[in-house]
Amino acid sequence: MRPYFSAVEVHAAAREVGVGAGARLGEVATALRGTGLAAPVGVHPTVGVGLMLQGGLGRLARTHGLSVDAIAAAEVVTPDGNLRYLRAGSSGISMSAEDDELLWALRGAAPNFAVVTRVVLRCADVSRPVCAVRGAHFFAKDEDGAGGHNSALTLLGSYAAAADALPAVQSIDAIIGRDSRGALGIALQAVSLNADLRFPPEVEALLGVSASMAAAAECAVKCAYDDIPHLTLDGAPVVSDERDLTIEAKGTGAVGSACMARRSSKGDQGADGVLSYVRQRFVAALTPSALAAILDACGAAPTTMCCVMVNHCGGAAREAQADACFAPRDLEHSVVVIALWTDPSSAARAACVAWAEALDTALGACCPA
Ligand SMILES: Cc1cc2nc3c(=O)[nH]c(=O)nc-3n(C[C@H](O)[C@H](O)[C@H](O)COP(=O)(O)OP(=O)(O)OC[C@H]3O[C@@H](n4cnc5c(N)ncnc54)[C@H](O)[C@@H]3O)c2cc1C
């Protein structure tokens with residue numbers, strides 16, 4: 001039974017991928033590798049189909065929408081014990097009004113209505129090279145008389161303004177945290193789904209890319225879509241060999257490195273003993289008070305591994321779809337507050353949970369949602 005539930009089938013001609021309920025995003029990416037297609041899902045390989053059924057934000061969101069918008073069909077077991085195959089539109093299969101409504105509900109609230117045994121996603125064409133550029137800024141504690149806070153706030157303000165001005169084929173994400181000495185750090189990653197399209201000068205400036213360097217492989221990295229590196233706060237430059245479109249990340253191993261890789265998708269116990277507690281919210285804008293709250297919180301986080309990840313949404317992700325019940329559409333950024341710690345005591349957990357909850361609450365108060 002397991003192979004069926006974890007199987008991923010690529011239907012290249014139909015530009016669709018069928019994903020068993022037991023499969024994870026890494027298996028979807030592996031199955032699609034080399035086909036020139038990508039599913040509009042998240043980027044972390046251990047996450048499961050729950051992502052596709054309740055939103056689903058990834059690098060294709062600004063051009064192709066959320067995962068729920070890409071659900072073409074689903075195989076489900078409903079509470080009455082019946083197995084149903086739901087597919088709307090061009091397949092020629094006409095659905096009952098009830099099944100039509102069920103498919104609408106699955107696109108955002110599936111866990112409330114059915115057990116999904118298989119989901120079929122429409123894929124996007126990603127056969128052209130894409131481009132990823134990364135940069136990191138660290139702010140010394142004595143930098144501006146305010147622990148680096150003012151300089152970091154200025155940079156974050158520039159980042160938020162630059163993000164708002166990007167076309168849908170480009171996006172910019174950020175991680176804000178601290179290094180092991182306690183200095184504030186901001187890592188940025190800009191991705192262009194069209195490698196021929198240069199980033200605006202203000203984005204290149206944020207990433208520390210000078211005009212003359214922008215064409216160099218060390219800075220503006222052409223790569224295959226599924227080779228875009230994960231953003232971490234390690235300040236690592238990205239190098240690539242454009243000839244074979246592969247990528248390698250040259251890590252300096254400073255801090256916060258691979259914090260995302262340490263997070264477990266199941267529960268808060270990471271594989272290497274790192275514990276996590278995460279809060280996420282969509283916001284319509286990154287207001288100055290929200291950016292200040294993020295920096296204040298990062299400066300006072302209970303561990304130096306704690307960080308805040310801001311993922312760029314907007315574009316097609318903001319467009320309400322009549323056939324999807326996923327409601328929040330005024331979403332320009334996803335702000336993910338990530339508390340990470342290793343001390344197994346309940347006091348350490350309580351401090352980290354309180355930190356994440358407090359920042360999330362503060363963001364709710366100062367960001368339009
Ligand atoms: C490391 C990490 C990275 C992440 N990155 C992203 C990202 O890039 N983009 C993004 O949008 N989100 C991201 N998330 C959030 C993620 O989308 C949610 O945590 C999601 O709920 C995970 O789904 P799951 O199947 O892995 O987890 P589970 O805990 O198994 O499921 C989560 C929910 O989905 C329901 N569900 C799962 N499978 C089914 C099914 N077959 N039928 C019906 N209901 C089902 C469960 O009942 C539960 O309510 C990330 C989370 C983690 C931990």
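**The ligand site and a cavity between two domains**

Let's start at the ligand. One of its oxygen atoms sits 3.4 Å from a polar backbone atom of L51. Keep in mind that this is a predicted model. Next, G50. A polar backbone atom of G50 is 2.9 Å from an oxygen atom of the ligand. Then Q54. Here the side chain takes part: one of its polar atoms lies 3.0 Å from a ligand oxygen. How much of the ligand does the protein bury? On its own, the ligand exposes 950 Å², and the protein buries 65% of that.

Now the wider shell. There are 21 residues around the ligand. The closest are G48, G50, Q54, L57 and V116. So we meet G50 and Q54 again, both on that list of closest residues. What is the shell made of, by class? We have 11 nonpolar residues, 8 polar and 2 charged.

Which elements supply the shell? Two of them give at least two residues each: α3, residues 50-53, and β6, residues 115-122. Of these, α3 gives the most, with 3 residues.

Where does the ligand lie with respect to the domains? Domain 1 covers 2-125. Domain 2 is made of 128-210, 230-235 and 251-369. Both give residues to the shell, so the ligand lies between them.

Let's move on to cavities. The count comes to 2 cavities of 30 Å³ or more. I'll take the second largest. Its space is about 40 Å³.

Who lines the second largest cavity? On one stretch, we find R59, L60, R62 and T63. Further along the sequence come A168, V169, Q170 and S171. V191 and L193 complete the lining. By class, that lining has 5 nonpolar, 3 polar and 2 charged residues.

Two elements each supply at least two residues of this lining. They are α4, residues 61-64, and β9, residues 170-178.

And why does this cavity lie between the domains? Because domain 1 and domain 2 both give residues to its lining.

To close, two places to look at in the model. The ligand lies between domain 1 and domain 2. The second largest cavity lies between them too.

Definitions and conventions
Residues are numbered from 1 along each chain as its sequence is written. This is a predicted model: local features need pLDDT of at least 70, side-chain atom pairs count only at pLDDT 80 or more; totals for chains, interfaces and linings use all residues. Side-chain values use heavy atoms; hydrogens and water are left out. A residue is near a molecule or strand if one of its heavy atoms lies within 4 Å of it. A polar contact is a pair of N or O atoms within 3.5 Å; within protein, one must be able to donate a hydrogen and the other to accept it, and residues adjacent in sequence count only if both atoms are side-chain atoms. Accessible areas come from the Shrake-Rupley method with a 1.4 Å probe; for residues, only the protein chains shown count as cover. Helices (H or I, at least four residues) and strands (E, at least two) are DSSP runs, numbered from the N terminus. Ala, Val, Leu, Ile, Met, Phe, Trp, Tyr, Cys and Pro count as nonpolar, Asp, Glu, Lys and Arg as charged, and the others, Gly among them, as polar. Domain bounds come from an automatic or database domain assignment. On a 1 Å grid over the protein atoms alone, a cavity is a set of points where a 1.4 Å probe fits but cannot get out, and a pocket is an open set with protein on both sides within 12 Å along at least five of seven lines; lining residues have an atom within 4 Å of a point. Grid points are joined across faces, edges and corners, and a volume is the space filled by probe spheres set on the points.
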